[in-house]
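Let's take a walk through a protein together. Keep the picture open beside you and look up each residue as we come to it.

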Amino acid sequence: MSCDVALETTVIAHGLPHPLNLRTAMQMEDEIRAEGAVPKTIGIVDGKVIVGLNKDQIEMFATLSGIIKAASSEIPIACALGKTAATTVSGTIRLASLSGIRVMATGGIGGVHRDIDWDVSQDIIELSRTPILVVSSGAKSILDIGRTLEFLETFGITVLGYRTEFFPAFHSRKSPFKVSFSVNTAQEAAEVLIEKIKNKIPGAVLLVNPVPDEEEIPFSEVDRYVGIASREAMKRGISGKALTPYLLKRLGELSDGRTLKANISLLKNNAKLAAKVAKVMTDDR
Ligand code: PSU
Ligand code: MN
């Protein structure tokens, strides 16, 4: 089994501003290499799926405007029409899994949006049918975390806290919600995935890893910004695929760049943990 860690391109193209996006993408790859694993950043270039983009290609995702945001359902469209598309968590784990990759790192998964009827991310559906371990810092604080957790449960996604008893809220180490189970080592986390696969239980393991202390922003503070940004989005009629990028951008402005700092810190930290899990998975085989 390979020692690969999959990384997404949506966070590069739509989640972080230039030039921080490029720097962070390269730093995530470096974190993975430093642990002795292999980073595979995934995207679609001119209709071709690429598992393991090179530096020039990553730079293109970081700088070009008008790149499509592809969840799993848009992969066939991008391929058939020869488009360049950044893959979300759902699109990335689908393609990673097809290549036999068993570990992915991201910032926060998509989930159930607040105050909007039925905006639920495809991330949840894809996590429910893909045998992969995804390291994330919980769900983005722009979401309804309680409802997102209920959906994770309904769809049979195995949630594991990494050295925490709380479900993290992306920029904050704790949300008001607890996780039922946690692990203390990458080894334990890898074993949970191995057992899930061995017992033929479809779906992913979501390993939730809180943002490092130094960059944490208190939940109540982020919550206030999210309230402001969500009301603005509603007023301006921003919805669907454009909503997550808009909210992330506004949080950065409202917090004087602190949400950005937290986002970058947790992305690197998650890449490192994912690499540790990938190492165990290979050494075990
Ligand atoms: N994590 C981040 N920044 C991001 C995302 C995750 O730190 O931009 C992206 C992921 O690609 C995730 C997507 O799959 O946001 C969810 O978008 P939506 O809510 O439209 O499903
Ligand atoms: Mn959505």
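Before we look around the ligand, we need a way to sort residues: Ala, Val, Leu, Ile, Met, Phe, Trp, Tyr, Cys and Pro count as nonpolar, Asp, Glu, Lys and Arg count as charged, and the others, Gly among them, count as polar. Keep in mind, too, that this is a predicted model.

Now find ligand 1. With those classes in hand, you can sort its shell into four nonpolar, ten polar and four charged residues. Which of the 18 residues around ligand 1 come nearest? They are Glu8, Lys69, Ser121, Asp123 and Lys140.

Ser121 deserves a second look, as an N or O atom of its side chain is 2.7 Å from an oxygen atom of ligand 1. Asn263 also reaches an oxygen atom of the ligand, with a polar side-chain atom 3.2 Å away. Gly108 takes part through its backbone instead: one of its polar backbone atoms is 3.2 Å from a nitrogen atom of ligand 1. On its own, ligand 1 has 480 Å² of accessible area, and the protein covers 94% of that.

Where does the ligand sit? Its place is the largest pocket. Two elements each give two or more residues to the shell: helix H1, residues 10–15, and helix H10, residues 243–254. Of these, H1 provides the largest share, with three residues.

Let's move on to charged pairs. The structure holds 15 salt bridges, and one of them joins Arg114 to Asp223, with the closest N and O atoms 2.8 Å apart. This pair links distant parts of the chain, 109 residues apart. Arg114 is in the loop between strand S6 (103–105) and helix H6 (122–127), while Asp223 belongs to helix H9 (residues 219–235).

Finally, turn to the backbone. Most residues other than glycine have a negative phi, and most peptide bonds are trans. Two places here are worth finding with that in mind. The peptide bond from His18 to Pro19 is cis, with omega near 5°, and Pro19 is in the loop between H1 and helix H2 (20–34). Arg163, a residue other than glycine, has a positive phi near 55°. You will find Arg163 in the loop that runs between strand S8 (158–162) and strand S9 (182–183).

Terms used
Residues numbered from 1 in each chain as written. Chains lettered and ligands numbered in written order. Predicted model: local features only at pLDDT ≥ 70, side-chain atom pairs only at ≥ 80, totals over all residues. Heavy atoms only, no water. Near = heavy atom within 4 Å. Polar contact = N/O pair within 3.5 Å; in protein donor to acceptor, adjacent residues only side chain to side chain. Areas by Shrake-Rupley, 256 points an atom, 1.4 Å probe, with all protein chains shown as cover. 1 Å grid on protein atoms, 1.4 Å probe; cavity = no way out; pocket = protein on both sides within 12 Å on 5 of 7 lines; lining within 4 Å. Sits in = over half its atoms within 2 Å of the grid points. Helix = DSSP H or I, 4+ residues; strand = E, 2+ residues; numbered from the N terminus. Salt bridge = Lys/Arg side-chain N within 4 Å of Asp/Glu carboxyl O.
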